[in-house]
Amino acid sequence: MNVTRITVEHVRVVADKPFEQVTKALEKQLGQFDPEVYKSLTASEDADKIRSKIEAMAGSSGFMLFKTSDHGALLRLAGQKKKAMQYILGNPLLAIQMTQHDIRAGLYAPLRVLVYENADGKTCVEYDKPSSLFGQFDNVKVTEVATTLDRKMEQLVAKSFK
């Protein structure tokens, strides 16, 4: 077993905007990923046709939503009432630009974002900066895409608070 220590840059944005408005604004920028596209890949359909299908799934941010997890709802099992939603988002076409150079990049693609309401009633958005996650692979091609992801994430969050 080989264990490596990495430094991750964590981003946290806090604003007075209501949780529901932030989550709605974030979701509005995301397309919806359809996992059926993977079946097309294994069925050996035309690669250009599949690429077009994936491109069409992206939202205005360039990202698509893979899954949400309502951590606020789960906390009711612990007797707590909170607002917290985790988003798993990304773009497979950006992911392959990294994984084709280092398959380990697949560990961090898609990305995760947490939106929650803190104790002061403010809405927080948190995520790990992609370039810091993917940078550990020390591959220029991977880092270039990760830097693009940094900008896309910053824009996604900024527009969610407008």
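Helices, of at least four residues, and strands, of at least two, are taken here as DSSP runs numbered from the N terminus. Counted that way in this predicted model, the chain has 7 helices and 6 strands. If you walk along the chain from the N terminus, you meet these elements in the order β-α-β-α-α-β-α-β-α-β-β-α-α.

Let us step back to the overall form. The C-alpha atoms fill a box of roughly 50 × 35 × 30 Å along the principal axes. For 162 residues, a compact globule would be expected to have a radius of gyration near 15 Å, and the chain's 17 Å therefore agrees with that. Of those 162 residues, 41% count as buried. The contacts also reach across the sequence: among those between residues at least 6 apart, 71% join residues at least 24 apart.

Now zoom in on one pair of helices, H5 (residues 92-99) and H7 (residues 140-160). Their axes come within 8 Å and cross at roughly 150°. Angles over 145 degrees count as roughly antiparallel, so H5 and H7 are roughly antiparallel to each other. The crossing of the two helices is left-handed.

Which residues make the contact between H5 and H7? From H5 come Leu 94, Gln 97 and Met 98, while H7 supplies Val 142, Val 145, Ala 146, Leu 149 and Lys 152. Sorted by class, the contact of H5 with H7 has 6 nonpolar residues, joined by 1 polar and 1 charged. With the structure in front of you, Gln 97 on H5 and Lys 152 on H7 are good places to begin looking at this contact.

Note on methods: Residues numbered from 1 in each chain as written. Predicted model: local features only at pLDDT ≥ 70, side-chain atom pairs only at ≥ 80, totals over all residues. Heavy atoms only, no water. Axes fitted to C-alpha atoms, helices over the stretch in contact; angles between N-to-C directions. Parallel < 35°, antiparallel > 145°, perpendicular 65-115°, else oblique. Left-handed = near helix turned anticlockwise from the far one by under 90°. Contact = heavy atoms within 4.5 Å. Nonpolar A, V, L, I, M, F, W, Y, C, P; charged D, E, K, R; others polar. Rg over C-alpha atoms; globule rule 2.2 N^0.38 Å. Buried < 20%, exposed > 50% of the residue type's maximum accessible area, 1.4 Å probe, protein only.
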